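Here are my notes on this model, point by point. Please read them with the structure open.

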Amino acid sequence: MILVEFAETRNAFATGALASGERRAHRGAGLLARHGEALREGVRDGVPIALGYLAVSFSLGIAARKVGLDAVQGFFASLFNNASAGEYAGFAVIGAGGSLLEMAVVMLVANARYLLMSCSMAQRFSPKTPLIHRVLVGFDLTDELFGIAIARPGVADPYYSYGAMVVALPGWALGGMAGVIAGSVLPERVVSALSVALFGMFLAIIIPPARKSRVIAGLVLAGFATSALFAWTPLLSGVSEGTRTIILTVALSALAAALFPVDEQDGGSEKAGDADSAIAVPAPEGDACRAA
Amino acid sequence: MRPSIVAYLAVMSAVTLGTRILPLTLIRRPITNRFLRSFLYYVPYVTLAVMTFPAILSATDSLLAGATALVVGIVAAWLGASLPQVAAGCCGVVFALELLLA
């Protein structure tokens, strides 16, 4: 569609039929006519997500400040990452003084599910969708934004994602910055209490599915136990927190995948999305998010 | 030598954005391998579990407060409390306990 627009614009330019200002107005009106509805719906669905992001990112900001980030760094870390588990894992590497290689591998493992969501999203775009739209939608393909975009029927309209991003992205970025600032100005006792907010969120994400699935329950328990083993056993405690996360995640997930493969033809991608949903958005299935 | 914060953040952001953008732009076919799909499905649960424990014990000023927050969080989530409720519950318990213990 965009290609057609460009072609039209170029034609108009070539024939000199439209003056520059008129040409731009013409193109702008065309865009709105075609994508205004999707854009508006995106903004509408993005608002509750933005509010949740503000809170999650705020607690990540508290963690970021502990490892030495300032407010501006907190802002950019939040803006470019938009991932609760990923950011936390990254901040842990910074805190431990790990190498840049360790950082890269930790981030790859913590964010591995985005590879799956990104593949899945690619299926929903029209094959003609230009590269720039793929890059921009990918930029903020979080669990929640993936969830609401994939829940829409038919071919994905990037402008729907842009609408949601316009509100959700500032929520996440400003929350991260606010967390760093709050961490510096709030009393120590309050900061100490807020430090567990993130762990509370992690528990809220992993415990309900563990209640429903014995495999996930077993995995969570095995994760707790092996992680404690690494932390408390004299020889293993030399392994940094980041490396521990990589080793255990890869080993336990591979074991579970070999013993208990997920059966659904296309269930994996969307379910993986639920697992780290930073907030309780009524996720992929159902009309809840469309009606919100 | 310890890398600078900016270097850390650059690597962090580059990898995150790479995982989101590269498949969308390059791989335009679905992942069909059953093992790989299952592996990616399980990854987030294990990552979050490993990062939560035992780190939660040392996140606060007192070990007891951290341990109590863990128990409260698990029980609340098990009983169906929402994400903000679980998070607030954990914070509240730590705040109250540290106030009492101090």
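1. E98(B) is found in helix 5 (residues 83–101) of chain B. Helices (H or I, at least four residues) and strands (E, at least two) are DSSP runs, numbered from the N terminus. E98(B) is partly exposed, with 19 other C-beta atoms within 10 Å. The cut-offs: a residue is buried if 20 or more other C-beta atoms lie within 10 Å of its own, exposed if 12 or fewer, and partly exposed in between, with C-beta atoms placed from the backbone. Leaving out residues up to four places away in sequence, E98(B) touches R189(A), S192(A) and A193(A), and also T60(B), D61(B), S62(B) and A65(B). Contact here requires C-beta atoms, placed from the backbone, to lie within 7 Å. T60(B) is 38 residues from E98(B) along the chain, and their C-alpha atoms are separated by 9.0 Å.

2. A word on the basis of these notes. This is a predicted model, where local features need pLDDT of at least 70 and side-chain atom pairs count only at pLDDT 80 or more, while totals for chains, interfaces and linings use all residues. Residues are numbered from 1 along each chain as its sequence is written, and chains are lettered from A and ligands numbered from 1 in the order in which they are written.

3. How many residues of chain A are in contact with chain B? There are 87 residues of chain A in contact with 63 residues of chain B. Helix 11 of chain A gives the most to the chain A side, with 13 residues. That side divides into 61 nonpolar, 19 polar and seven charged residues. Ala, Val, Leu, Ile, Met, Phe, Trp, Tyr, Cys and Pro count as nonpolar, Asp, Glu, Lys and Arg as charged, and the others, Gly among them, as polar.

4. Look next at helix 11 (residues 197–212) of chain A against helix 5 of chain B. Their axes come within 8 Å and cross at roughly 140 degrees. Helix 11 of chain A is therefore oblique to helix 5 of chain B. Axes are lines fitted to C-alpha atoms, for helices over the stretch in contact, and angles run from 0 to 180 degrees between N-to-C directions. Angles under 35 degrees count as roughly parallel, over 145 as roughly antiparallel, 65 to 115 as roughly perpendicular and the rest as oblique. The crossing is right-handed; the near helix is turned clockwise from the far one by less than a right angle. Chain A brings A197(A), F199(A), G200(A), M201(A), L203(A) and A204(A). Chain B brings L83(B), V86(B), A87(B), G89(B), C90(B) and C91(B). Ten of these contact residues are nonpolar, two polar and none charged.

5. Helix 13 (residues 241–259) of chain A packs on helix 2 (residues 34–52) of chain B at about 135 degrees, with axes 7 Å apart. These two helices are therefore oblique to each other. Their crossing is right-handed. The residues that meet include R244(A), L248(A) and L252(A) from chain A, and F35(B), Y42(B) and V46(B) from chain B. This contact divides into 13 nonpolar, five polar and one charged.

6. Chain A has 15 helices and zero strands. Of its 292 residues, 50% count as buried. Which helix is largely enclosed by the rest of the structure? Helix 6 (residues 112–124) of chain A is, because eleven of its 13 residues are buried. Among them are R113(A), Y114(A) and M117(A).

7. Within chain A, the axes of helix 4 (residues 84–96) and helix 5 (residues 100–110) come within 9 Å and cross at roughly 160 degrees. That makes helix 4 of chain A roughly antiparallel to helix 5 of chain A. A85(A), G86(A), A89(A), G90(A) and V93(A) meet E102(A), M103(A), V106(A), M107(A) and A110(A). Seven of these residues are nonpolar, two polar and one charged.

8. Two backbone details deserve a check. N82(A) has a positive phi of about 50 degrees although it is not a glycine. N82(A) lies in the loop between helix 3 (71–81) and helix 4 of chain A, and counts as buried, with 31 C-beta neighbours inside 10 Å. The peptide bond from F53(B) to P54(B) is cis, with omega near 5 degrees. P54(B) sits in the loop between helix 2 and helix 3 (55–59) of chain B.

Notes: Two residues are in contact if their C-beta atoms, placed from the backbone, lie within 7 Å.
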